[in-house]
Amino acid sequence: MKDLMRLRSLLGTEVEALLNNQIKMEAYNSSVYLAMASWCDRNGFDYSADHFYKQAEDEREHMLRFFKYVSDMGGTAVSPSVDGIPQEFESFREVFETALELEVKTTQAINNIADKCYKEKDHVTVEFLNWFHKEQREEEYVARRCLELFEVIGEEGTGRWEIDKAIPSVSYGNE
């Protein structure tokens, strides 16, 4: 019966496992972004809090896209549990450094899935991942530009307040 079920799925076992790991990573990222929004709210960085609330929603949307894809392809999408979410950050800058690290790790994970799909000639999943490649290019760009504000504006005096005000204007292309 298991072999018959696998034939009904368009996903190989290893690709399905990687996609379920990605679902968990996206859920984790969404939770970390919520923690960042909370930290920014508590520390008076209202614009940055709004930025991270939006990021949390985006990551949740990504998780759902992966989840739905696994289900649509006849696989078993696993509802993730997440733990180990950092609630405190040493500084305003560390929040943005952590955001960039999350995005870089996410891009690497998606690339790893694509590598496996190319090996298995799973062109359907490669096509599905193309949207995420474009999305990650945008996500990393925005995260880098936000972090660069710390160098350009500086943190002394009203610097952090000015950085916070500039965060909503950071975008990629015509977003």
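In the predicted model, helices α2 and α4 pack with their axes 11 Å apart, at an angle of about 170 degrees. This angle makes α2 roughly antiparallel to α4, because values over 145 degrees fall in that class. The residues of the contact of α2 with α4 comprise 18 nonpolar, five polar and six charged.

The chain to which this pair belongs contains six helices and zero strands. Its elements, read from the N terminus, accordingly follow the order α-α-α-α-α-α. Along the principal axes, the C-alpha atoms of the chain fill a box of roughly 65 × 30 × 20 Å. The chain has 175 residues, of which 45% count as buried.

Helix α2 covers residues 13–42 and also packs against helix α3, residues 46–72. The axes of α2 and α3 are 8 Å apart and the angle between the two helices is about 165 degrees. Helix α2 is therefore roughly antiparallel to α3, as the threshold for this class is 145 degrees. The crossing of α2 and α3 is left-handed. In the contact of α2 with α3, the residues divide by class into 17 nonpolar, seven polar and six charged.

The length of α2 was compared with the span expected at 1.5 Å a residue. Its 30 residues reach 44 Å from the first C-alpha to the last, close to the expected 44 Å. After α2 comes G44, which has a positive phi, near 85 degrees.

Helix α4 spans residues 92–120, and F92 lies in this helix. F92 has a relative accessible area of 2% and is therefore buried, the limit for this class being 20%. In space, the C-alpha atoms of F92 and W39 are 8.8 Å apart, although 53 residues separate F92 from W39 in sequence.

Q108 is also placed in helix α4. With a relative accessible area of 46%, Q108 is partly exposed, because this value lies between the limits of 20% and 50%. The C-alpha atom of Q108 is separated by 9.7 Å from that of Q136, while the two residues are 28 apart along the chain.

The span of α4 was treated in the manner used for α2. For the 29 residues of α4, a rise of 1.5 Å a residue predicts 42 Å, and the end C-alpha atoms are 43 Å apart, so the two values agree. Helix α4 is followed by K121, a residue with a positive phi near 55 degrees. K121 is a residue other than glycine with a positive value of this angle. K121 is found in the loop between α4 and α5, the latter helix being formed by residues 123–153. The relative accessible area of K121 is 64%, so this residue is exposed, the class beginning over 50%.

Beyond this loop, α5 packs against α4. The axes of α4 and α5 come within 9 Å and cross at roughly 160 degrees. This angle makes α4 roughly antiparallel to α5, because it is over 145 degrees. The crossing in which α4 passes α5 is left-handed. By class, 16 nonpolar, six polar and seven charged residues are found in the contact of α4 with α5.

Cysteine pairing was examined last. The structure holds zero disulfides. C40 is in no disulfide, as the nearest cysteine sulfur, that of C146, is 10 Å away, whereas a disulfide requires sulfur atoms within 2.5 Å. C40 has a relative accessibility of 0% and therefore counts as buried. C117 has a relative accessible area of 1%, so this cysteine is buried.

Definitions and conventions. Residues are numbered from 1 along each chain as its sequence is written. This is a predicted model: local features need pLDDT of at least 70, side-chain atom pairs count only at pLDDT 80 or more; totals for chains, interfaces and linings use all residues. Side-chain values use heavy atoms; hydrogens and water are left out. Buried means under 20% relative accessible area, exposed over 50%, partly exposed in between (1.4 Å probe, protein chains only). Axes are lines fitted to C-alpha atoms, for helices over the stretch in contact, and angles run from 0 to 180 degrees between N-to-C directions. Helices (H or I, at least four residues) and strands (E, at least two) are DSSP runs, numbered from the N terminus. Angles under 35 degrees count as roughly parallel, over 145 as roughly antiparallel, 65 to 115 as roughly perpendicular and the rest as oblique. A crossing is left-handed if the near helix is turned anticlockwise from the far one by less than a right angle, and right-handed if clockwise. Ala, Val, Leu, Ile, Met, Phe, Trp, Tyr, Cys and Pro count as nonpolar, Asp, Glu, Lys and Arg as charged, and the others, Gly among them, as polar. The expected span of a helix is 1.5 Å times one less than its number of residues.
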